[in-house]
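This report describes a single protein chain for readers at the bench. It covers surface, domains, pocket and charged pairs in turn.

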Amino acid sequence: MKSVNVGLCGLGTVGKGTFNVMQRNLEDISRRAGKPVRITHVGARRDNPECDLTGVKVSRDIFDVVRDPDIHIVVELIGGYDTAKELVLEAIKNGKHVVTANKAMIAVHGNEIFKAAEAKGVVVTYEAAVAGGIPIIKGIREGLVANDIKWLAGIINGTGNFILTEMREKGRMFEDVLKEAQALGYAEADPTFDVEGIDAAHKLTILASIAFGIPLQFDKVYTEGISKITREDVQYAEELGYRIKHLGFTRKTAEGVELRVHPTLIPEKRLIANVNGVLNAVLVEGDAVGPTMYYGPGAGSEQTASSVIADIVDIAREIDNAGNVPHLGYSSETENLPVLPVNEIETAYYLRITVKDEVGQMAKIAQILSNNNINIEAIIQKEPDGEAAVVPLILLTHNVREKLMDQAIVELEALDSVTRPVVRIRVEQLDG
Ligand code: HSE
């Protein structure tokens with residue numbers, strides 16, 4: 001039985017986890033693969049003291065790994081866009097299969113990388129790129145293959161979820177919680193990727209492509225971060241029976257695909273609204289199965305390694321016949337469904353309007369909403385702020401097209417009595 005040699009590039013958080021789990025569970029992993037599977041070559045700028053590299057070839061130049069004729073599978077765990085892409089394309093050119101955890105690279109360069117891999121007859125797998133240890137790629141690409149997927153919603157950034165959870169449960173400040181997430185090793189090298197939704201947008205790009213059979217289109221994701229969410233909004237949402245989550249959401253409509261990442265109010269009774277801390281979850285609505293939810297660790301060293309190794313074993317099992325599962329889940333060309341601009345989406349809204357505490361203001365606000373065909377579902381008026389003589393008005397609306405809401409907000413902010421920009425957070429019922 002031919003053994004499979006794996007070349008590992010990168011010994012950072014996920015690289016270390018992959019190396020150590022592979023060594024620790026070598027026997028079981030090889031039995032599951034049906035042949036010996038070993039890491040025989042590691043490429044890393046420096047050793048990691050937590051990895052015992054005895055008996056393994058080590059190169060300081062990661063490109064030595066992709067040029068090693070004895071390597072069958074290259075595992076790319078260096079992250080980032082450019083060098084990673086160069087490394088992967090060279091591995092493909094040299095006839096290696098590739099496993100990667102690099103969501104940024106796949107979201108931005110995936111179309112080109114998959115094309116190169118298909119031309120060469122090798123595969124590039126990326127289970128660990130989305131939601132860390134949760135087998136969501138396999139879940140959608142294989143487990144839900146019977147379904148016409150209607151929409152999916154994901155809490156797909158652990159750092160952002162940790163921050164919102166701590167703000168809600170402990171009333172902590174945003175910056176303070178972010179520092180803790182960085183210390184725990186969950187945050188991206190550039191933490192704005194987490195809090196501004198870029199990391200989630202990378203992952204959503206991938207999920208939408210495999211759900212709907214469309215090309216990867218990271219540049220078309222509408223992305224809004226959580227840095228402007230206040231403790232007051234978290235508290236008002238709670239009073240209305242909602243939780244604020246940083247959600248990646250994609251839906252297929254008759255006009256195209258909605259592709260968006262933004263803070264979202266979700267009814268607190270939904271299971272996904274109760275996914276807390278650094279945990280991730282993806283809720284997928286299929287026409288046959290209905291709603292299914294996938295829950296677990298979205299980051300972490302050995303948690304993410306669990307997905308990396310699952311990909312290694314998938315390839316090792318069929319090393320001479322790899323490629324049974326198409327890269328984006330569809331064997332034919334991807335479909336040319338347009339991605340809708342955000343002003344064409346339809347959703348409900350939470351509005352916080354700061355208004356002078358004077359007679360007749362509520363009527364003016366209701367009139368503007370009515371003129372724009374916006375139906376109010378609930379309204380609460382908070383205590384006036386004594387000194388400034390203003391009151392926060394909290395409104396929930398029914399579904400409306402975003403461009404009507406944009407227009408209404410312009411008109412609301414033009415009222416003399418509205419003293420601050422209107423806060424708008426989208427609301428999704430996620431009830432199928
Ligand atoms: N920074 C990411 C997160 C790591 O917080 O979820 C996993 O992709």
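**Surface patch**

In this predicted model, M362, I376 and I379 make a nonpolar surface patch of about 220 Å². M362 belongs to helix α13, which covers residues 361–371. Its relative accessibility is 35%, so M362 counts as partly exposed.

**Domains and the largest pocket**

The domain assignment divides the chain into domain 1 (4–133 + 301–317), domain 2 (136–297) and domain 3 (345–427). Between the C-alpha centres of domain 1 and domain 3 there is a distance of 51 Å.

The largest pocket has a volume of about 1,200 Å³. Its lining consists of 48 residues, and V14, L77, I78, G79 and E188 are the ones nearest the centre of the pocket. Several helices contribute to this lining: at least two residues come from each of α1 (13–24), α5 (103–120), α7 (158–170), α9 (192–195) and α10 (198–212).

**The loop after α7**

The loop between α7 and α8 (174–183) contains G171. With a relative accessible area of 29%, G171 is partly exposed. G171 and G55 are 116 residues apart along the chain, and their C-alpha atoms are separated by 51 Å.

**Salt bridges**

Side chains of opposite charge can pair when their charged atoms come close. The structure holds 33 salt bridges, and the table presents three pairs, including their N to O distances.

| Pair | Distance, N to O |
|---|---|
| K16 and E50 | 3.2 Å |
| K103 and D199 | 3.2 Å |
| K170 and E166 | 3.1 Å |

What does the salt bridge between the side chains of K16 and E50 tie together in the sequence? K16 is located in helix α1, while E50 is in the loop between β2 (37–43) and β3 (57–59), so this pair links parts that are 34 residues apart in sequence. The two partners can also be described by their accessibility. K16 has a relative accessibility of 19% and therefore counts as buried, the cut-off being under 20%. E50, at 53% relative accessibility, counts as exposed, for which the value must be over 50%.

The side chains of K103 and D199 also meet in a salt bridge. Here K103 lies in helix α5 and D199 in helix α10, so the pair ties together parts that are 96 residues apart in sequence. Both K103 and D199 are buried. Helices α5 and α10 are also among those that each supply at least two residues to the lining of the largest pocket.

The salt bridge between K170 and E166 is set within one helix: both residues lie in α7, 4 residues apart, or about one turn of the helix. Is each partner buried or exposed? K170 is exposed, its relative accessible area being 55%, whereas E166 counts as buried at 8% relative accessibility. This pair is part of a wider arrangement, since salt bridges that share partners join E166, K170, R172, D176 and E180 into one network.

**Summary**

Among the charged pairs described, K103 and D199 bring together parts 96 residues apart in sequence, and K16 and E50 bring together parts 34 residues apart. K170 and E166 both lie in α7 and belong to a network with R172, D176 and E180. Helix α7 is also one of the helices that each supply at least two residues of the lining of the largest pocket. In another part of the chain, M362 in helix α13 joins I376 and I379 in making the nonpolar surface patch.

Note on methods. Residues numbered from 1 in each chain as written. Predicted model: local features only at pLDDT ≥ 70, side-chain atom pairs only at ≥ 80, totals over all residues. Heavy atoms only, no water. Patch = residues over 30% accessible without salt bridge, like charges linked within 9 Å, V, L, I, M, F, W, Y side chains within 5 Å. Areas by Shrake-Rupley, 256 points an atom, 1.4 Å probe, with all protein chains shown as cover. Salt bridge = Lys/Arg side-chain N within 4 Å of Asp/Glu carboxyl O. Buried < 20%, exposed > 50% of the residue type's maximum accessible area, 1.4 Å probe, protein only. Domains from an automatic or database assignment. 1 Å grid on protein atoms, 1.4 Å probe; cavity = no way out; pocket = protein on both sides within 12 Å on 5 of 7 lines; lining within 4 Å. Points joined across faces, edges and corners; volume = space filled by probe spheres on them.
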